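Here is a colleague's note on the salt bridges and on one of the sheets, set out as numbered points for reading alongside the coordinates.

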Amino acid sequence: MVVLPVSGKFLASTALGLALMILSALPSEAVRYLRPMFNDMESNVTTYVGDSAVLECSVRNLGTKSVIWKRKSEKHALTIGDFVFTSDNSYSVEHADRSQIWALVIKNVQKEHAGDYECQISTKEDLNKSVSLRVLDASSQTPAVNLGGAEFVEKGNPIKLSCNATGKVMTPDDVDWFKNGIKIKSSASNTIQITKRRLPVTRTLVSTLHIKHSNMNDTGTYICRSTDLKVKGKYVSVLNSESSQIKRGTDGEKTNGEFELRKTSDFNGQCMLHTLPMHVLLIFYCVTYLLSSVH
């Protein structure tokens, strides 16, 4: 048996040939290029002068490509990836690791920021998505907090309070909930839930406090306070329907200074005593007691 010497170049070329053979045998789906695609996103955003605007661009299969934000009316880019290419400090880009969302953030929005923006992907293909920004004049509305919900709740039923906090120029950053002066937080067991959502058009932050199963200790004053330091409170009473109650109109209840007594007596036949003044009843019982003692 003769063993021929094998050079390194021969081994490398052989490995390359085998790799090409394997790749050619694979189905086309296994080696094809995954084209970046846009996810569904909001195409119209409305905000007020002085507020902040967030334009979102959601892309899947981005790979090594970059997301570019620009104004449709201008050629140069505002942002490419995480970098900003404009002298206007109002613009910034927000992107979390492994997130598909690349958000163009415009702070202290002015009228000149209104218009059409375009989110592009740096590929040979023409991949872009448009977002329209509408900027309204700031309203003279006074910041306020409105608190709604039931004032009386049966024990075991849920307590649900809704707080609407409105800002003058911008939506309030946050609201806090308190009960009898103590701050309330959502519980890990979800027995207490606090939810929040923003309504940019009306500059309102809506927060809901939900206590799933109320008990007697939940009675108290609930307060919603915004970051504008506007406060609204509501007293909520938890009722215990299982507790004993004296019903109106039963025996022994005093009505208009009188007692009602309905009794059958065998004295001189059957006699019905109806509503009598207190002093008459006392005299009647004293006479009856004396007569019975004599016999």
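Which side chain meets Asp-174 in a salt bridge?

1. The partner of Asp-174 is Lys-196, and the N to O separation in this salt bridge is 2.5 Å. The two residues come from distant parts of the chain, since Asp-174 sits in the loop between β13 (159-166) and β14 (175-179), while Lys-196 belongs to strand β16 (residues 192-199), 22 residues apart. Asp-174 counts as partly exposed at 28% relative accessibility, and Lys-196 is likewise partly exposed, with a relative accessible area of 42%.

2. As to the setting of this pair, please keep in mind that the model is predicted. A search of the whole structure finds 5 salt bridges, and the points below take up some of these contacts.

3. Asp-176 forms a salt bridge with Arg-225, for which the closest N and O atoms are 3.6 Å apart. Because Asp-176 lies in strand β14 and Arg-225 in strand β18 (residues 220-226), the pair ties together parts that are 49 residues apart in sequence. Salt bridges with shared partners join Asp-176, Lys-183 and Arg-225 into one network. Within that network, Arg-225 counts as partly exposed, at 32% relative accessibility.

4. Another salt bridge is formed by Glu-151 and Lys-234, with the closest N and O atoms 3.8 Å apart. This pair, too, links distant parts of the chain: Glu-151 is in the loop between β11 (144-149) and β12 (152-154), and Lys-234 is in strand β19 (residues 231-239), 83 residues apart. Is each partner buried or exposed, or in between? Glu-151 is partly exposed, with a relative accessible area of 42%, whereas Lys-234, at 14%, is buried, because the cut-off for buried is under 20% relative accessible area.

5. Turning to the sheet, 4 strands form an open arrangement in the order β11-β13-β17-β16, and their pairing is antiparallel. The edges are β11 and β16, each of which pairs on one side only, and the twist from one strand to the next averages 15°. The edge strand β16 is also the strand that holds Lys-196, the salt-bridge partner discussed in the opening point.

6. At the other edge, β11 and β13 run antiparallel and are joined by 6 bridges. For a reader who wishes to follow the register in the coordinates, one reference pair is Leu-147 and its bridge partner in β13, Cys-163.

Notes
Residues are numbered from 1 along each chain as its sequence is written. This is a predicted model: local features need pLDDT of at least 70, side-chain atom pairs count only at pLDDT 80 or more; totals for chains, interfaces and linings use all residues. Side-chain values use heavy atoms; hydrogens and water are left out. A salt bridge is a side-chain nitrogen of Lys or Arg within 4 Å of a carboxyl oxygen of Asp or Glu. Buried means under 20% relative accessible area, exposed over 50%, partly exposed in between (1.4 Å probe, protein chains only). Two strands pair if DSSP finds at least two bridges between them. Axes are lines fitted to C-alpha atoms, for helices over the stretch in contact, and angles run from 0 to 180 degrees between N-to-C directions.
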